[in-house]
2 protein chains.
Amino acid sequence: MENENRNAQNGMQLPNPHLAQMTDDNLYHFGISRTSHDLPALFGDVKFVCVGGSARRMENFAHYIGKELGVVSANERLPNLAGNSDRFVLYKAGPVLSANHGIGVPSMSVALHELLKMLFYARSRDVTFIRIGTCGGIGVPPGSVIVSNAAVNGKMEPAFETVVLAKGIHRPIIVDQELASQISSCSRTEDPFKVILGKTYCTDDFFEGQARTHGAVCDISEEDELQFVKHLNSQGVKNIEMESAGFFALCHKAGVKCSVVCVTFIDRLSTEDVTADADVLSEWTQRPQVLVARFIKKRLVISV
Amino acid sequence: MENENRNAQNGMQLPNPHLAQMTDDNLYHFGISRTSHDLPALFGDVKFVCVGGSARRMENFAHYIGKELGVVSANERLPNLAGNSDRFVLYKAGPVLSANHGIGVPSMSVALHELLKMLFYARSRDVTFIRIGTCGGIGVPPGSVIVSNAAVNGKMEPAFETVVLAKGIHRPIIVDQELASQISSCSRTEDPFKVILGKTYCTDDFFEGQARTHGAVCDISEEDELQFVKHLNSQGVKNIEMESAGFFALCHKAGVKCSVVCVTFIDRLSTEDVTADADVLSEWTQRPQVLVARFIKKRLVISV
């Protein structure tokens, strides 16, 4: 009981004893520090952190979810709270933070470490992290929304490989099945897109790493590519992206709940290049946002 | 002789036979395609591609080098040629392209593949790639400029590890010593900073991967950190960043000359956090740009 009270008061805990001894902390890539900003006042009420690769997309999402929650008016422009840096953007709409994390695990990891610390210092409680991304699909119609119920690294292992003190270590990729299921169940029969729970293949490279033959360099044949994509399909892989393995592993290590929700831009069984036009891609990009907004609204009503 | 003429006419060659069979190619992350843009007209004269993590920094560099070369006037604003996408920015100042590549090898690799293809389609000739970055230093005064004469991956190996068809492969990290030496020799005795040729440690993570104890999660002690940084120092490592291994390996594989020139923001032997104020960091950020601009001017005069 005493512990519970302390946790409720202190908010998010992080598995790093060194942080308790720091009097300031410069969250350098967001241009925000503990002493320059009143983090509890700014971010203490945050319940959801939504992240994705593209800055523009996450700015749009902040305005969209803000309007859906009735906390942002029609013509209001939210400020970029990370304006002191140009590495990432950060917007806040009520209890929702929306930030971009760039491309790939190393970039995403920088953003995630600093966002976690931001909310730790802010004493936020019960925060859920959701990656809203774009991806390649396998055997599903382009424009489908995949909610990851598993993720594997580039070598098809259910672990995230990282290097600490020059030694490789593996961390488990743990997916919160209940959260994934809750998000996917926000799908509606009238939606013009499918929402599919499936396995995500996470690579560190967009071209060779995803068996594309159209990169600047290439040592594989089109037959290699086809066989590999078919192999992924046979292993239950529904989509390919570049952040999920590190995202699941780091969130799990940090002790926060998370989910990955991505829209497919192509079906790799038939093509390797994005060919849909900008308007179509823009509409598809909305789809994970619509699904996640429904989930957030549902969760906030329940928790009130 | 016939071969030489063909190369001179055809420009940059890339080790991917599939590209010759493509009628269009969507350089998706720059929002530029072969059919939407006249690539030879736009980029055929490019001799230098300068890249770095930050969008704002590379925009500033484009204007700076443009003024140094006398091709951009005082109040002129160059357009972002990648404005159709928000993943990367791209500016052109005479024979110099300036683009950002985000943080980490996966992000840099996406940008580099597409830039290489852009110049291949443009039939550019004799192009040199230079990464102008920021980094942590080891045993050198903050604000020093390190020109890499070697680079090792996170495991301290002189190779870049990537994954193709779910299998790990190693590619050699080859540094062009002549180019590194030519760039570092553009240092002047009156410069308020040192230019040092040295070994670069390239990691896939900013916090744990660089033995920082101030990330959101941490399993190492401050003693582990100190011992590790001292170990790097004893191995001749002068700086730590997150792209050089992949940059050197991919440029070598593609057959283009490249160099990495970074300014140190801290000395990891004494601290792990960037504490210099914004004005100081801004002045330090200029230093690799000043050095690289001198090199480019020298090279252009020589080749005329």
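In this predicted model, the axes of helix α4 (residues 105-122) and helix α7 (residues 244-254), both of chain A, come within 9 Å and cross at roughly 25°. Angles under 35 degrees count as roughly parallel, so α4(A) is roughly parallel to α7(A). The crossing of the pair is right-handed.

On the α4(A) side the contact is formed by A:V105, A:M108, A:S109, A:L112 and A:L116, which meet A:A245, A:G246, A:F247, A:L250 and A:A254 of α7(A). Eight residues of this contact are nonpolar, two are polar and none is charged.

Positive phi values occur at A:A211 and at B:M156, neither of which is a glycine. The table lists both.

| Residue | Phi | Loop | Other C-beta atoms within 10 Å |
|---|---|---|---|
| A:A211 | near 55° | between β10 (195-202) and α6 (222-234) of chain A | 25 |
| B:M156 | about 70° | between β7 (145-152) and β8 (159-164) of chain B | 15 |

A residue with 20 or more such neighbours counts as buried, and one with 12 or fewer as exposed. With 25, A:A211 is therefore buried; B:M156, with 15, is partly exposed.

The last topic is the relation between the chains. A turn of 180° with a shift of 0.0 Å along the axis lays chain B on chain A with an RMSD of 0.0 Å. The two copies are thus related as by a two-fold rotation axis. In chain B, B:G102 has the C-alpha nearest this axis, at 3.3 Å. Both copies use the same surface, since 100% of the contact residues of chain B recur in chain A.

Technical notes: Residues are numbered from 1 along each chain as its sequence is written. Chains are lettered from A and ligands numbered from 1 in the order in which they are written. This is a predicted model: local features need pLDDT of at least 70, side-chain atom pairs count only at pLDDT 80 or more; totals for chains, interfaces and linings use all residues. Copies are superposed by least squares on the C-alpha atoms of residues with pLDDT of at least 70 in both. Two residues are in contact if their C-beta atoms, placed from the backbone, lie within 7 Å. Axes are lines fitted to C-alpha atoms, for helices over the stretch in contact, and angles run from 0 to 180 degrees between N-to-C directions. Helices (H or I, at least four residues) and strands (E, at least two) are DSSP runs, numbered from the N terminus. Angles under 35 degrees count as roughly parallel, over 145 as roughly antiparallel, 65 to 115 as roughly perpendicular and the rest as oblique. A crossing is left-handed if the near helix is turned anticlockwise from the far one by less than a right angle, and right-handed if clockwise. Ala, Val, Leu, Ile, Met, Phe, Trp, Tyr, Cys and Pro count as nonpolar, Asp, Glu, Lys and Arg as charged, and the others, Gly among them, as polar.
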